[in-house]
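Here are my notes on one helix packing and on the aromatic pairs. Please read them beside the model.

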Amino acid sequence: MKLVIDEKIIQSIWGSSTEFWFSRVDYRIYRDIELPSDDTAKLFESGFIPFANISNEEVIRAYVESLSNKKIVSAFENIEGERYVDTFWKYYNAYKEVSDGFEAFEEAYVEKKLEEWCDENAIEYEIKI
């Protein structure tokens with residue numbers, strides 16, 4: 001059995017760390033409201049594990065750190081949380097060197113993180129994006 005990574009699965013990676021769960025039994029992704037129990041220990045016993053999770057801030061931080069423009073990178077050094085994300089979108093809209101390449105970076109980053117999660121959890125997968 002394989003987890004087929006498609007656009008729907010990619011969308012499930014965004015969110016809170018316990019919103020989506022993976023079933024080792026049927027290789028499906030479940031929303032927390034679809035789970036057979038709200039007891040985490042019982043979920044683990046039944047073959048469920050929390051699904052991979054990525055936040056907007058995580059992707060944006062990785063992207064900013066990848067930029068070769070030291071002036072832009074240094075502008076983000078002392079910013080935390082939602083302020084970081086808000087500031088990024090201001091720079092994104094104002095500077096072509098920030099907006100160019102972000103979408104491709106984001107897609108590659110999310111796919112890589114999902115592949116790493118699958119490898120760490122010994123989950124066979126196939127990419128169909």
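1. Axes here are lines fitted to C-alpha atoms, for helices over the stretch in contact, and angles run from 0 to 180 degrees between N-to-C directions. Helices (H or I, at least four residues) and strands (E, at least two) are DSSP runs, numbered from the N terminus. The model is predicted: local features need pLDDT of at least 70, side-chain atom pairs count only at pLDDT 80 or more, and totals for chains, interfaces and linings use all residues. Residues are numbered from 1 along each chain as its sequence is written, and side-chain values use heavy atoms, without hydrogens and water.

2. Helix H3 (residues 56-66) packs on helix H5 (residues 81-94) at about 55°, with the axes 10 Å apart. That makes H3 oblique to H5 (not under 35 degrees, roughly parallel; not over 145, roughly antiparallel; not 65 to 115, roughly perpendicular).

3. Which residues make the contact (heavy atoms within 4.5 Å)? H3 gives Glu57, Ile60, Arg61, Tyr63 and Val64; H5 gives Gly81, Tyr84, Val85, Phe88 and Trp89.

4. A search of the whole structure finds 18 aromatic pairs (rings of Phe, Tyr and Trp, the last by its six-membered ring, with centres within 6.5 Å). Phenylalanine 51 and tryptophan 117 pair edge-to-face (planes over 60 degrees apart), at 5.0 Å centre to centre and 70° between the planes. Phenylalanine 51 lies in the loop between strand S4 (48-50) and H3, and tryptophan 117 in helix H7 (residues 102-120), so the pair ties together parts 66 residues apart in sequence. Both phenylalanine 51 and tryptophan 117 are buried (under 20% relative accessible area, 1.4 Å probe, protein chains only).

5. Tyr63, Phe88, Trp89, Tyr92, Phe102, Phe105 and Tyr109 form one aromatic cluster.

Notes: Contact = heavy atoms within 4.5 Å. Phe/Tyr/Trp six-rings, centres within 6.5 Å; stacked < 30°, edge-to-face > 60°. Buried < 20%, exposed > 50% of the residue type's maximum accessible area, 1.4 Å probe, protein only.
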